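Colleague: I am new to this one, and I would like to know what stands behind the words people use for it. Could you take me through them?

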Amino acid sequence: MDTGILLESGTNELEILEFRVGDNYYGINVAKIREILPYQQPTPIPNSDSRIEGIFMPRDELISIVDLAEVLHMPKKQDCSQDMYIVTNFNRLNTAFHVQAVAGIHRVSWTEIIKPDSTMNNSAGESMATGVVQIDGKLIIILDFEQIVASINPETGLKASDVSHMRGRQRNDSPILIAEDSPLLSKMIVNCLSEAGYDNVTATNNGQECYDKLQEYVKAGTVDDKVSCVITDIEMPQMDGHHLTKLIKESAELKHIPVVIFSSLINEEMRQKGLQLGADAQLSKPEIGKLVEELDKLIGVAN
């Protein structure tokens, strides 16, 4: 399949790999995938989480295997010989996910991704799905792989302890606008920024909501009063962070506003795309302490 268009930056498109677990079809952003490998018998890890099927070592690199059938509470197959491993890279971590079949790749716009409502959340308010898209008359659930890994090993997610030493800092009312589709992560980012002294933080649910708010400020002539910095995720329904960055940096009224891309997808390819779009800083999502340091530099805070 020709994927040349995704070499461009800020197109608001993504490629989804469709795969099967049981009789159900799911999706993953191709940007998260390092490679797809045929199933091989894993080596079990004693006393590990039941969702960790074991480990294997392709090309002298030890990688943990997450059993998606176990994660999704589905019956396991007796014969796994035709199954596949989707090896991912995000949050600076390589992880393999055991799936039963790979169906193909689809290019879609983020505007086609439907954000799941709260009925798909668990009792803690967390969802295992980041979005749903209809392709060829079939609903494909895009799984939240970061949430799956963080539920197994919380150390891979944001850690409020990274900013706990900043509690005594001077309070700062510089207005910060956030675009983050995960309610849990959005709340954690806001709380961590508050710990570090940033009190004037407004959170939006995706790039489109963030851009709409910026346009409101432009129309009212209050941009500089309302926004001193934008922090954005990359993966979001309706409008992704790259397209948001592109729109901000192409706008005469907005281009002076610093944009920080804060995402689990910061690899070399994504970093180059962010640079092309004019992002002022790019950080991998666990690095909440470094996010505060970048804000201090961009806003000119002395602490």
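Modeller: Happily; we will go term by term.

Modeller: This is a predicted model, so local features need pLDDT of at least 70 and side-chain atom pairs count only at pLDDT 80 or more, while totals for chains, interfaces and linings use all residues. Residues are numbered from 1 along each chain as its sequence is written, and side-chain values use heavy atoms, with hydrogens and water left out.

Colleague: What makes strand 11 and strand 12 a pair?

Modeller: Strands here are DSSP runs of E of at least two residues, and helices are runs of H or I of at least four, numbered from the N terminus. Two strands pair if DSSP finds at least two bridges between them. Strand 11 (residues 176-179) and strand 12 (residues 201-204) are joined by 4 bridges and run parallel, so they meet that rule. One of the bridges links Ile 176 to Val 201.

Colleague: Why is the crossover between strand 11 and strand 12 called right-handed?

Modeller: The chain leaves strand 11, passes through helix 3 (residues 183-195) and arrives at strand 12. The name applies because, with the strands pointing away from the viewer, the path from the first strand over the helix to the second runs clockwise.

Colleague: How do you know that Leu 14 is buried?

Modeller: Buried means under 20% relative accessible area, exposed over 50%, and partly exposed in between (1.4 Å probe, protein chains only). Leu 14 has 5%, so it counts as buried. Leu 14 belongs to strand 1 (residues 13-21). Its C-alpha is 7.0 Å from that of Trp 110, although the two are 96 residues apart in sequence.

Colleague: And what about Cys 210, buried or exposed?

Modeller: Cys 210 is buried, because its relative accessible area is 0%. Cys 229 is also at 0%, so it is buried too.

Colleague: How many disulfides are there?

Modeller: The count is 0, where a disulfide would be a pair of cysteine sulfur atoms within 2.5 Å.

Colleague: What makes the phi of Asp 60 worth pointing out?

Modeller: Most residues other than glycine have a negative phi. Asp 60, however, has a positive phi near 65°. Asp 60 sits in the loop between strand 4 (52-56) and strand 5 (63-67), and its relative accessible area of 73% makes it exposed.

Colleague: Where does His 73 lie?

Modeller: His 73 is in the loop between helix 1 (68-71) and strand 6 (84-90). Its phi is positive as well, at about 55°, and with a relative accessible area of 73% His 73 is exposed.
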